[in-house]
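Here's a quick briefing to read with the model open beside you. Let's look at where the ligand sits and what surrounds it.

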Amino acid sequence: MHLTPEEQSMLAGEQGKADQKAMQILETLGRIYGADRMLPVSSVQISGVSYDNLGDAGLEWLSEMAEGGGRARVLTTLNPAGMDIENWDRLGIPPEFAEKQHRVIDAFARMGVITTCTCTPYLAGNTPSFGEPIAWAESSAVCYANSVIGARTNREGGPGALAASLTGRTPEYGMHLDDNRQPGMTIDVQAQLSDTADFGALGKAIGERLESLGRKAIPYITGIDSASMEQLKSFCASIATYGGLPMFHMQGVTPEAGDHTPPTDRITIAAADLDSARQSLIDASPDEVDFVSLGCPHLSIDEVARIADLLRGKRVVKEFWITTSRPVKALADQMGYAAIIEASGAKFAVDTCCVVAPIRGRFHAMSTDSAKACYYAYSKNKFRTRLLDFDQVVREAVGEG
Ligand code: F3S
């Protein structure tokens, strides 16, 4: 693997211990995946931020990197943490957990990382442009970056993403190469989709169909005339979860779709497939639901405004978490949306989400519009789920479901 003099200097430890460790990680990854060289990156998003996932070993490693002089060389933000960094006690997070989570955030801050914790960095100031090599870690954000923005990123692990931040480099393999961005299967969607929940169900239907065929092909999706940013982020989260896919093309919607012709290998997703994907994520009755959450992936300001509109003058009757990034929450404060939402008894869970927060055992059944959140609610927290349209979720929170 060819390394520039600057990269060799990092590897030799001439620029500090942390940079040396970081370059060792990247050089190893590059060798494993057959990269010829490193690429400069302009943006990094780091996962493995929740203390729930990191544990003491992860915290120790981050502290060592910070003490070893590690310093972000490029714009870097974080994936959601295990709690709202400011209002963790209102969400019932234990103080011992909060103390450890604060130490994790402090370690990143000492390295010059912007401690905005979000899986929608593209809505919070970490927004790359078309064609840019970047190093992002969260699967839904990776899929959004590759597919919707047209930036180029592999799905980095936590250490690989931190290493990219400290060196400003990533090895050139996988989604950085044109050949690996070619579509391999046409997915003809013959169904009407309107809500974010529909797009989540579509991601599940496509992901599971490809898995059942044993195909890891990048889908070329036809039959969808338009999709909003919110619908696309829901779809990205779902197809990454259920199909493990880092990218798709959507004819007439995503920027690289026009560079390709639809592959001859083709499958159809009909309305019945979509319906069955939705139904498969409903195994609780409205009465059983004791937890409601919107914001997987983190909400846009438009979605927060919609929630405020639906909650104005009402009271929630269930624990209702609204998960978003701190910059979007600041905008919601400024616009008065947050005041309306909080007056209803709903809670903002900023910097975190219903999957990475340590809430196992606290609830039994959850309503959400997110197919991805349903997957983890069941697999991580053993909650039963109700996948509903966005507005229906709010109605269920106020007892009008
Ligand atoms: Fe984001 Fe948490 Fe969902 S990280 S995509 S809100 S599982």
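The notes below go from the ligand to the domains and their interface.

This is a predicted model, with pLDDT of at least 70 needed for local features and 80 or more for side-chain atom pairs, while totals for chains, interfaces and linings use all residues. Numbering runs from 1 along each chain as its sequence is written, and side-chain values use heavy atoms, leaving out hydrogens and water.

**Around the ligand**
- Pro80, Cys119, Glu138, Ser140, Gly295, Cys296, Pro297, Cys353, Val355 and Lys372 surround the ligand, each with a heavy atom within 4 Å of it.
- Sorted by class, that shell has six nonpolar, two polar and two charged residues; Cys and Pro count as nonpolar here, and Gly as polar.

**Domains**
- The chain is assigned domain 1 (5–176), domain 2 (182–279) and domain 3 (286–397), with bounds from an automatic or database assignment.
- Domain 1 and domain 3 both give residues to the shell, so the ligand lies between them.

**Where domain 1 meets domain 3**
- Their C-alpha centres lie 27 Å apart.
- 25 residues of domain 1 are in contact with 23 residues of domain 3 (heavy atoms within 4.5 Å).
- Five salt bridges cross this interface (a side-chain nitrogen of Lys or Arg within 4 Å of a carboxyl oxygen of Asp or Glu).
- Glutamate 342 and arginine 90 pair up in a salt bridge through their side chains, at 3.7 Å from N to O.
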